[in-house]
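Subject: Structure for your review

Dear colleague,

Please find below the structure that I am handing over to you. My findings follow it, and I would be grateful if you read them with the model open.

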Amino acid sequence: ERKKYLLDELTAKDFTMTCGSGTFDRRDNADDSEQFDELVDALLHISNLTLLSVNDEESKVEQENEHLDQVLTLLGLEYDALDAALTSFSIQIRNQEYVRKLPKEKAEKGLEALAKALYGALFKYIVRTINDNMRPSSTDKKAEQREYQREGIDYSEVVFGDNKEVLDLIDKKGHGIIAILHDQCKVPGTSDRTFATNIYQQFQSHP
């Protein structure tokens, strides 16, 4: 099973993501990892990837890193695609796209962002799955209401407003505050002032 997920003899102590924590041993005897094994294992190997400086302005993913093949296999990626995603960025000027390389320090931030994005997506999926499983059916709601009536409890269903506009403001793909911050981090010479200016320009008509 460990060989299937390219772990061999590695343990939690061998990965940057987990070696600083003492909480990786399960104490509840639960076995719920099968569904997430490949993604979790990919995250562990990603935390051990390394980047090399080509020069002061450019970097590359180290091809000799022993965890690289595992990352590529588990995520179904080619080296060139991963290297380009981590060590370069593109900007569009007057309908023309330009690609620029990143120095090692900024590429390492991109590697951290990749791990956080994968972890965040996994976390959201788990929360959504738990919420779906815990959502009461109409039968459950009726039974609950009858119980309140028998107990003489004043019962009224809570109706939650739609907060989609707020969520889109923060996290809409390509246009939200997080997307703007992500773009700002890619471009040299940006600051908190340029970040704030971009936000004001983007959302000046937002209610």
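Which residues does S59 touch, not counting residues up to four places away in sequence? The answer is L52, S53, V54, T87, K101, L102, P103, K104 and A107. Please bear in mind throughout that this is a predicted model.

**Overall organisation**

The protein has eight helices and four strands. Read from the N terminus, the order of its elements is α-β-β-α-α-β-β-α-α-α-α-α. The chain has 207 residues, of which 22% count as buried. Among contacts with a separation of 6 or more, 52% are between residues 24 or more positions apart.

**S59 and the β1–β2 loop**

S59 belongs to strand β2. Its relative accessible area is 1%, and S59 is therefore buried, the limit being under 20%. A polar atom of the S59 side chain lies 2.8 Å from the backbone oxygen of L102, and L102 is also one of the residues that S59 touches.

N55 is located in the loop between β1 (51-53) and β2 (59-61). With a relative accessible area of 37%, N55 is partly exposed. The side chain of N55 has two backbone partners to report. One of its polar atoms lies 2.8 Å from the backbone nitrogen of E57, and the side chain also reaches the backbone nitrogen of E58 at 2.8 Å. N55 and K104 are 49 residues apart along the chain, yet their C-alpha atoms are separated by 8.8 Å. K104 also appears among the residues touched by S59.

**The nonpolar core**

The largest nonpolar core comprises 15 residues. Within this core, the residues with the most contacts are I46, L49, V61, L68, L82 and L111. Four elements give two or more residues to it, namely α1 (37-46), α2 (68-75), α3 and α4. Of these, α4 gives the most, with four residues.

L82 shows how separate parts of the chain meet. Leaving aside neighbours within four places in sequence, L82 is in contact with L49, L68, V71, L72, L77 and L114. Two of these partners, L49 and L68, are themselves listed with L82 among the residues with the most contacts inside the core.

Helix α1 is mostly covered, as seven of its ten residues are buried. The buried residues are D37, D41, A42, L43, L44, H45 and I46, and they pack against α2 and α4.

**The packing of α3 and α4**

Two packed helices are described by the angle between their axes and the distance between the axes. The axes of helix α3 (residues 79-87) and helix α4 (residues 104-134) come within 8 Å and cross at roughly 110°. This crossing angle makes α3 roughly perpendicular to α4. On the α3 side the contact is formed by L82, L86 and T87, which meet A107, G110, L111 and L114 in α4. These residues divide into five nonpolar, two polar and no charged. T87 and A107 are also touched by S59.

**The β3–β4 loop**

Two residues in the loop between β3 (88-93) and β4 (96-101) deserve a look at their backbone. R94 is found in this loop and has a positive phi of about 50° although it is not a glycine. N95 lies in the loop as well, and its phi is also positive, at about 65°, although N95 is not a glycine. Are these two residues buried or exposed? R94 counts as exposed because its relative accessibility is 82%. N95 is likewise exposed, with a relative accessible area of 75%.

**Q184 in helix α7**

Towards the C-terminal part of the list of elements, I would point to Q184, which lies in helix α7 (residues 177-186). Q184 counts as buried because its relative accessibility is 10%. Its side chain is joined to that of T194 by a polar contact of 2.7 Å. Not counting residues up to four places away in sequence, Q184 touches T190, S191, T194, F195 and N198.

I suggest beginning with S59, since its partners lead on to the other regions described above.

Yours sincerely

Technical notes:
Residues numbered from 1 in each chain as written. Predicted model: local features only at pLDDT ≥ 70, side-chain atom pairs only at ≥ 80, totals over all residues. Heavy atoms only, no water. Buried < 20%, exposed > 50% of the residue type's maximum accessible area, 1.4 Å probe, protein only. Polar contact = N/O pair within 3.5 Å; in protein donor to acceptor, adjacent residues only side chain to side chain. Contact = heavy atoms within 4.5 Å. Axes fitted to C-alpha atoms, helices over the stretch in contact; angles between N-to-C directions. Parallel < 35°, antiparallel > 145°, perpendicular 65-115°, else oblique. Nonpolar A, V, L, I, M, F, W, Y, C, P; charged D, E, K, R; others polar. Core = buried A, V, L, I, M, F, W, Y, C linked by side-chain atoms within 4.5 Å.
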